[in-house]
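Take a look at the model below. This report covers its open pockets, its closed cavities, its nonpolar core and its charged pairs.

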Amino acid sequence: MLEKFNSLWDSLPSYVQSLVWIVIVTVVLILCVAFLTLWERKVIGWMQLRRGPNRVRILGFLPGFGQPFADVIKLLIKEVVIPARANKILFRLAPMIALIPAFAAWAVIPLSPQLVISKADAGLLYLLSLTSMGVYGVIIAGWAANSKYAFLGAMRSAAQMVAYEIAMGFALVGVLMATGSMNLGKIVESQAGGVGSWNWLWLFPLLAVYFISGVAETNRAPFDVAEGESEIVAGFHVEYSGIAFALFFLAEYANMILISALTAVFFFGGWQGPFEGWPVLGATFLGAPSFAWLFLKVFCLVFLFLWFRATFPRYRYDQIMRLGWKALIPVTLVWIGVEMVMAIYRVGPWARPWYH
């Protein structure tokens, strides 16, 4: 049976195979986002000595696991109210602009040694262009609503996202220098050899900058000024309701998973096993590269997002901007200079065969 399926799959045109994988990845991402909302409420509940959602069941089993589906149904049946003087086209378009890049970016992310939807050689540029699109969804949402509160929220959210996008871009320049490729699959392959060969060791300052910037880019605590309810009602999406409102949060949680996956790919070896090359474990499944390792790394990194929300208070806006412009960007520039010195003396990643 399995052989027949494999032969049928191999007989399909490449564009059909890509389409199938696109559908599978999209559906899995939507389900992951739904259960991530439950996991977040459970984790924060555990940290604050609460139970979290524990009532809605699935077919009478698994208490609490039906909560994401109940939330979706509730938002779907709520009315989407569009302000009378809003730009109706842009008002409807803004949530899609925020959401689509978070899903489209997965086209170039290598999920396993064999599985990647697009093996684009310029995958890094593709990611930079897509991730920078999110700010347009925020600006358009705030402007199209024709509300001063929404517009003020959009402006300060956009300023924050632009500041941290620059830091993320410089951090990825360091990754490009260390791996010699903009193809994400080759970036993962260049980190073969176990934990000591991953980029986190030599690019640790860039790892810190990239992940902190990723938290700020997704408007997560402690950088959640976009939803500073006590300050500007609810930020750029104050006029949204129903499923249109939900799409912004769907984009936020999808971006959390995306940033975690990119951090794993750029700095933690992606699907590479941590025990590769070890005398005993290296010959087992623990040393073999697989999707399971990428999933485990993403799981741990997403947990940090939830931990931060339960731990840190919201920063003031001036503190957020000072961190982005006066701390993170200078750190990336200095470390790029350090990388240049390491490249000259063939230290760390630059001692690998590809550099010669």
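Helices here are DSSP runs of at least four residues, numbered from the N terminus. By that rule, alanine 292 lies in helix α12. The model is a predicted one. Alanine 292 is partly exposed, with a relative accessible area of 48%. Now find alanine 144. The two alanines are 148 residues apart in sequence. In space, their C-alpha atoms are 43 Å apart.

**Pockets**

Start with the open spaces. The largest pocket holds about 980 Å³ of space. Its lining is made of 33 residues. Thr37, Asp71, Leu75, Phe249 and Tyr253 lie nearest the centre of this pocket. Three elements give two or more residues each to the lining: α2 (14-47), α3 (67-77) and α11 (242-267). The most come from α11, which gives nine.

The second largest pocket holds about 740 Å³. Here 27 residues form the lining, and Val28, Cys32, Ile257, Phe295 and Val298 lie nearest the centre. Helices α2, α11 and α12 (291-311) each supply at least two lining residues. This time α2 gives the most, with 12 residues.

**Cavities**

Next come the closed spaces. How many cavities of 30 Å³ or more does the structure hold? There are two. The largest cavity has a volume of about 310 Å³. It is lined by 21 residues, and those closest to the centre are Gly134, Met161, Glu217, Thr218 and Asn255. Helices α4 (88-104), α5 (123-131), α6 (134-144) and α11 each supply at least two residues of this lining. The most come from α11, with seven.

The second largest cavity has a volume of about 50 Å³. Among the residues that line it are Leu127, Glu165, Tyr210, Leu262 and Phe266. Helices α5, α7 (148-179) and α11 give two or more residues each to this lining.

What kinds of residue line each space? The table gives the split.

| Space | Nonpolar | Polar | Charged |
|---|---|---|---|
| Largest pocket | 17 residues | four residues | 12 residues |
| Second largest pocket | 24 residues | two residues | one residue |
| Largest cavity | 12 residues | six residues | three residues |
| Second largest cavity | seven residues | one residue | one residue |

**The nonpolar core**

In soluble globular proteins, nonpolar side chains tend to be buried together. In this model, the largest nonpolar core has 83 residues. Which of them touch the most other members? They are Trp106, Ile109, Leu184, Tyr210, Leu262, Phe266 and Phe267. Helix α11 gives the largest share of this core, 15 residues.

Look at tryptophan 106 up close. Leave out residues up to four places away in sequence. Tryptophan 106 then touches Val25, Leu29, Leu111, Ile117, Ile257, Leu258 and Ala261.

**Charged pairs**

Side chains of opposite charge can pair when their charged atoms come close. The structure has seven salt bridges. One of them joins glutamate 40 and arginine 220, with the closest N and O atoms 2.3 Å apart. Glutamate 40 lies in helix α2 and arginine 220 in the loop between α9 (204-217) and α10 (229-232), so the pair ties together parts that are 180 residues apart in sequence. Are these partners buried or exposed? Glutamate 40 is buried, at 3% relative accessible area. Arginine 220 is buried as well, at 2%.

Another salt bridge links arginine 314 and aspartate 224, at 3.1 Å from N to O. Arginine 314 sits in the loop between α12 and α13 (317-344), and aspartate 224 in the loop between α9 and α10, so this pair ties together parts 90 residues apart in sequence. Arginine 314 is partly exposed, at 29% relative accessibility. Aspartate 224 is buried, with a relative accessible area of 15%. The cut-off explains these labels: buried means under 20%.

Aspartate 318 and arginine 316 also meet in a salt bridge, at 2.9 Å from N to O. Aspartate 318 is partly exposed, with a relative accessible area of 33%. Arginine 316 is partly exposed too, at 49%.

Some salt bridges share partners. They join Glu40, Arg220, Glu252 and Arg309 into one network.

Notes. Residues are numbered from 1 along each chain as its sequence is written. This is a predicted model: local features need pLDDT of at least 70, side-chain atom pairs count only at pLDDT 80 or more; totals for chains, interfaces and linings use all residues. Side-chain values use heavy atoms; hydrogens and water are left out. On a 1 Å grid over the protein atoms alone, a cavity is a set of points where a 1.4 Å probe fits but cannot get out, and a pocket is an open set with protein on both sides within 12 Å along at least five of seven lines; lining residues have an atom within 4 Å of a point. Grid points are joined across faces, edges and corners, and a volume is the space filled by probe spheres set on the points. Ala, Val, Leu, Ile, Met, Phe, Trp, Tyr, Cys and Pro count as nonpolar, Asp, Glu, Lys and Arg as charged, and the others, Gly among them, as polar. A nonpolar core is a set of buried Ala, Val, Leu, Ile, Met, Phe, Trp, Tyr and Cys residues joined through side-chain atoms within 4.5 Å. Buried means under 20% relative accessible area, exposed over 50%, partly exposed in between (1.4 Å probe, protein chains only). Contact means heavy atoms within 4.5 Å. A salt bridge is a side-chain nitrogen of Lys or Arg within 4 Å of a carboxyl oxygen of Asp or Glu.
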